[in-house]
Amino acid sequence: MTRPQPRRRSRADVGPLAEFAEFAVRRRLALGLTQLDLADLADVSVSTVRNVEAGRSSPTLEVTLRVLNALGSTLVGLPQASVELLPHEAVDLSIERSFRR
């Protein structure tokens, strides 16, 4: 009996992971950091930073908070109506879009 292959999802199907990955890369580069620098600041492995930036895996909340803190950012949860009140430089990583079919 052969083992079934895992179902592959395209990057577009990942939803907010791809957006978070793009944000992390842009912010890291804007700060002039290497992946190794970010890993050291966030106290995670370089492979974790690579996976986050590639959008390959869903990081734990702890890893997400460490990476955001190292990038000088925070995670804020707001009701959808309040998102419009965010400052221009805020990034909206809405989960809601990934559940729409």
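**Figure 1. Cover over the buried residues of helix H3 in the predicted model.** The buried residues of H3 are Val49, Val52, Glu53 and Ala54. The elements that cover these residues include H1, H2 and H4. Helix H3 itself spans residues 46–54. Just after H3, glycine 55 adopts a positive phi of about 70°.

**Figure 2. The largest nonpolar core.** This core comprises 14 residues, of which Phe20, Leu38, Val67 and Leu71 touch the most other members. Two or more residues are contributed by each of helix H1 (16–30), H2, H3 and helix H4 (61–70). The greatest contribution is that of H4, which supplies 4 residues. In soluble globular proteins, nonpolar side chains tend to be buried together.

**Figure 3. Surroundings of leucine 38.** Leucine 38 is one of the core residues that touch the most other members. Beyond its neighbours within four places in sequence, leucine 38 is in contact with Arg28, Val49, Glu53, Val67, Ala70 and Leu71. Among these partners, Val67 and Leu71 likewise belong to the core residues with the most contacts to other members. Val49 and Glu53 are buried residues of H3.

**Figure 4. Arginine 28, a buried residue of helix H1.** Arginine 28 lies in helix H1 and has a relative accessible area of 9%. Because this value is under the 20% limit, arginine 28 counts as buried. Its side chain reaches the backbone oxygen of leucine 33 at 2.9 Å. Not counting residues up to four places away in sequence, arginine 28 touches Leu33, Thr34, Gln35, Leu38, Glu53 and Leu71. One of these, Glu53, is a buried residue of H3.

**Figure 5. Threonine 64 in helix H4.** With a relative accessible area of 14%, threonine 64 is buried. The side chain of threonine 64 comes to 2.9 Å from the backbone oxygen of threonine 60. When neighbours within four places in sequence are left aside, its contacts are with Phe20 and Pro59. Phe20 is among the residues of the largest nonpolar core that touch the most other members.

**Figure 6. A nonpolar patch on the surface.** Leu61, Leu65 and Leu75 make up this patch of about 290 Å². Leucine 61 is located in helix H4 and is exposed, at 52% relative accessibility. Helix H4 is also the element that gives the most residues to the largest nonpolar core.

**Figure 7. The loop between helices H2 and H3.** Aspartate 43 is found in this loop, which connects helix H2 (35–42) to helix H3 (46–54). The phi angle of aspartate 43 is near 60°, a positive value in a residue other than glycine. Aspartate 43 is exposed, with a relative accessible area of 58%.

**Figure 8. The whole protein as context for the close-up views.** The secondary structure comprises 5 helices and 0 strands, and the elements run α-α-α-α-α from the N terminus on. Of the 101 residues, 30% count as buried. Among contacts with a separation of 6 or more, 61% are accounted for by residues 24 or more positions apart. The accessible surface comes to about 7700 Å², with 53% of this area belonging to carbon and sulfur atoms.

Conventions
Residues are numbered from 1 along each chain as its sequence is written. This is a predicted model: local features need pLDDT of at least 70, side-chain atom pairs count only at pLDDT 80 or more; totals for chains, interfaces and linings use all residues. Side-chain values use heavy atoms; hydrogens and water are left out. Buried means under 20% relative accessible area, exposed over 50%, partly exposed in between (1.4 Å probe, protein chains only). A nonpolar core is a set of buried Ala, Val, Leu, Ile, Met, Phe, Trp, Tyr and Cys residues joined through side-chain atoms within 4.5 Å. Contact means heavy atoms within 4.5 Å. Patches are made of residues with over 30% relative accessible area and no salt bridge: like charges are joined within 9 Å, nonpolar side chains (Val, Leu, Ile, Met, Phe, Trp, Tyr) within 5 Å. Accessible areas come from the Shrake-Rupley method with a 1.4 Å probe; for residues, only the protein chains shown count as cover. A salt bridge is a side-chain nitrogen of Lys or Arg within 4 Å of a carboxyl oxygen of Asp or Glu. A polar contact is a pair of N or O atoms within 3.5 Å; within protein, one must be able to donate a hydrogen and the other to accept it, and residues adjacent in sequence count only if both atoms are side-chain atoms.
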